[in-house]
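Hi,

Here is the structure I promised to pass on. Have a look at it first, and then read on for what turned up when I went through it.

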Amino acid sequence: MGNCHTVGPNEALVVSGGCCGSDQKTYVVGGWAWAWWLISDIQRITLEIMTLQPKCEDVETAEGVAITVTGVAQVKVMTENELLGYACEQFLGKSVVEIKSVILQTLEGHLRAILGTLTVEQIYQDRDKFATLVREVASPDVGRMGIEILSFTIKDVYDKVDYLSSLGKTQTAAVQRDADIGVAEAERDAGIREAECKREMMDVKFLADTKMADSKRELEMQKASFNQEVNTKKAEAQLAYELQAAKEQQKIRLEEIEIEVVQRKKQITIEEKEIDRTEKELVATVKRPAEAEAYKMQQLAEGRKIKTVLTAQAEADKIRLIGEAEASSIEAVGKAEAEKMRLKAEAYQQYGEAAKTALVLEALPLIASKVAAPLSKTSEIVILSGDGSRVTGEVNRLLAELPVSVNALTGVDLTKIPLLQKMMSPQCQTAI
């Protein structure tokens, strides 16, 4: 939707943008225009006459005389579409004061430039020509801004060194008169133009108000018709939207159910694979090691059993063989000893006492050598005794202990041999 905007003849309405996103600008002078809400941009620019008073102080002329010149200019924005577009580009959105400032600076610049090319007499004596020259030079520049110079007159020319006073009182009076006439004419022209503009503005405003009333009535009728159609379409659209939303919601629910079914199937598959994996893991980590350990223990037990049996058998064979060997050895030794004893007994019986004596005598040198072996390393034996019977007693004691030593060494008891019994008798010892 939008609003209807009206404008008088002293303003231009600039409508930017449209319902289709267009950036084309529409210019309306003394009329009305339709603008869409939030889409169209509405701006205004004044078409009223703007009075400027350019002033150049202490500007040197062609002869180097510093003078001050003031003027009066009547300017306004031109209403042709192309030129109005130029003005909008330059001044749209600016205030009247800002527009006057820009145009004033332009006029003062041209006025200063022209003053530098003329003499004081040319400026003073022919102000109209000077004003026309300024207007002709400045018009192209301000025209490119969409501004029209309606009039330009020189208001005052003076200096601070009394150069103009020296030109004569009459000339001064004539210059002053011309200046006053120029100002009066300018103000008269401005008043006439302003009155004409106001009259035109009122005519256009009355016509615009009439057209606006007709347009407003038609607008209200169209709005009522549009509202009815819009409400109908809104109701149909709302019902269609709810129906479509229900259908879409049903589709979404079906898709969610299918997704849940697929997810459940995937979950079951994953659980089955996890069960298989767990079973294989248990077989690999528990059952197989347990079976291997049981088999190992069984084999170790069988090995220990066989080892124990074989060890026991070997030990029994060893004990048996040792026992048999010892028995055979003992039997052989016993037989040898018995045979030896038997042979000795037979020899002793055969030879009698003489033979036994001979055997003892044969053994005595050997016995004596064994007994005397420790004494062979002795250089001499000294028996210390102050008593002669003491030595004899020692010798008798040695002889008395001799049979015991022989019996210990040979197993022969010398005390049982008759010959030695006689030798060991007390009479023989006394004789010794």
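**The core and what builds it**

The largest nonpolar core holds 39 residues, and Ile103, Leu111, Leu115 and Phe130 are those with the most contacts inside it. By nonpolar core I mean a set of buried Ala, Val, Leu, Ile, Met, Phe, Trp, Tyr and Cys residues joined through side-chain atoms within 4.5 Å. At least two residues of this core come from each of strand 4 (50–52), strand 5, strand 6, helix 1, helix 2, helix 3 (120–125), helix 4 (127–143) and strand 7. Helix 2 gives the most, with six residues. As general background, nonpolar side chains tend to be buried together in soluble globular proteins.

Before the details, a word on the basis: this is a predicted model, where local features need pLDDT of at least 70 and side-chain atom pairs count only at pLDDT 80 or more, while totals for chains, interfaces and linings use all residues. Residues are numbered from 1 along each chain as its sequence is written, and side-chain values use heavy atoms, with hydrogens and water left out.

The protein has eight helices and seven strands; these are DSSP runs numbered from the N terminus, H or I of at least four residues for helices and E of at least two for strands. Of its 432 residues, 21% count as buried. Buried stands for under 20% relative accessible area, exposed for over 50%, and partly exposed for anything in between (1.4 Å probe, protein chains only). Among contacts between residues at least 6 apart in sequence, 67% join residues at least 24 apart, a contact being heavy atoms within 4.5 Å.

**Two helices with a buried side**

Helix 2 (residues 96–115) has 20 residues and reaches 28 Å from its first C-alpha to its last, close to the 28 Å expected; the expected span is 1.5 Å times one less than the number of residues. Its buried residues are Ile99, Ile103, Thr106, Leu107, His110, Leu111, Ile114 and Leu115. They lie on the same side of helix 2 because they cover an arc of only 165° around the axis, taken from the directions from the helix axis to the C-beta atoms. Val97 and Gln105, on the other side of helix 2, are exposed.

Leu111 is worth a click: leaving out residues up to four places away in sequence, Leu111 touches Cys56, Val69, Phe130, Val134, Phe152 and Ile154.

Helix 1 (residues 81–91) can be read in a similar manner. Leu84, Gly85, Ala87, Cys88 and Phe91 are buried there. Their arc around the axis is only 165°, so they sit on the same side of helix 1. Glu82 and Glu89 are exposed on the other side of helix 1. After helix 1 comes Gly93, with a positive phi near 95°.

In the loop between helix 2 and helix 3 you will find Thr119, which is buried at 18% relative accessibility. Apart from neighbours within four places in sequence, Thr119 is in contact with Ala62 and Glu63.

**The strands**

Strand 5 (residues 55–60) and strand 6 (residues 66–77) pair in the antiparallel sense over four bridges, where pairing requires at least two DSSP bridges between the strands. Val59 stands opposite Ile67 in strand 6. The two strands form a hairpin with five residues between them, and Gly64 in the turn has a positive phi of about 85°.

One residue to check is Asp58 in strand 5: Asp58 has a positive phi of about 55° although it is not a glycine. Asp58 is partly exposed, at 38% relative accessible area.

In strand 7 (residues 147–159), have a look at Thr153, buried with a relative accessible area of 19%. Outside its neighbours within four places in sequence, Thr153 is in contact with Gly71, Val72, Ala131, Gly182 and Ala186. Val157 also lies in strand 7 and is buried at 6%. Not counting residues up to four places away, Val157 touches Ile67, Thr68, Val69, Ile123, Arg127 and Leu164. Val157 and Glu57 are 100 residues apart in sequence and 9.7 Å apart in space, C-alpha to C-alpha.

**Cysteines**

What does a search of the whole structure find in the way of disulfides? Zero, with a disulfide taken as a pair of cysteine sulfur atoms within 2.5 Å. Cys56 is buried at 0% relative accessibility, whereas Cys197 is partly exposed at 24%.

Best wishes
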